[in-house]
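Hi there,

Here is the structure I promised to pass on to you. Have a look at it first, and then read my notes below.

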Amino acid sequence: MTSRWGVWILISLRDKELRFCELRESIRGISEKMLAQSLRALVEDGLVWRHVEPAPPQVTYCLTEFDRDLGAPLDDLFGRITQRLSSQ
């Protein structure tokens, strides 16, 4: 099971691929260190795919096919979590 930050990362990547700085901006309250650690764990677990472009240097993250398949049934759950936490 992933951390609470991991869940936010999965929610952020649900519909699109994002660069590290875009992910950090989309997740309120996460530090760079925690984002890097959480992304590393999600990549190792096979839930997030990390793509590196050599020139210009750029790293993007997106959900793996496995996680996309799981994402459809979890859309309602993600929506409820996002709605509840946004209202706090």
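Before we start, one term: two strands are said to pair if DSSP finds at least two bridges between them. Please also keep in mind that this is a predicted model.

With that in hand, look at β1 and β3 (residues 58–63): they run antiparallel and are joined by 2 bridges. Within this pairing, L18 sits opposite Y61 in β3.

Next, turn to the other pairing. β2 and β3 are also antiparallel, with 6 bridges, and V48 faces L63 in β3. These two strands make a hairpin, with 4 residues between them.

Put together, this gives an open sheet of 3 strands in the order β1-β3-β2, with antiparallel pairing. Why does one side of β1 and of β2 have no neighbour in the sheet? Both β1 (18–19) and β2 (48–53) stand at the edges and have a single partner strand each, so one side of each is left free of a neighbour there.

Finally, find helix α3 (residues 32–44), which packs on the sheet and touches β2 and β3. The direction of α3 makes about 110° with that of β2.

Enjoy exploring!

Best wishes

Notes: Residues numbered from 1 in each chain as written. Predicted model: local features only at pLDDT ≥ 70, side-chain atom pairs only at ≥ 80, totals over all residues. Heavy atoms only, no water. Contact = heavy atoms within 4.5 Å. Axes fitted to C-alpha atoms, helices over the stretch in contact; angles between N-to-C directions.
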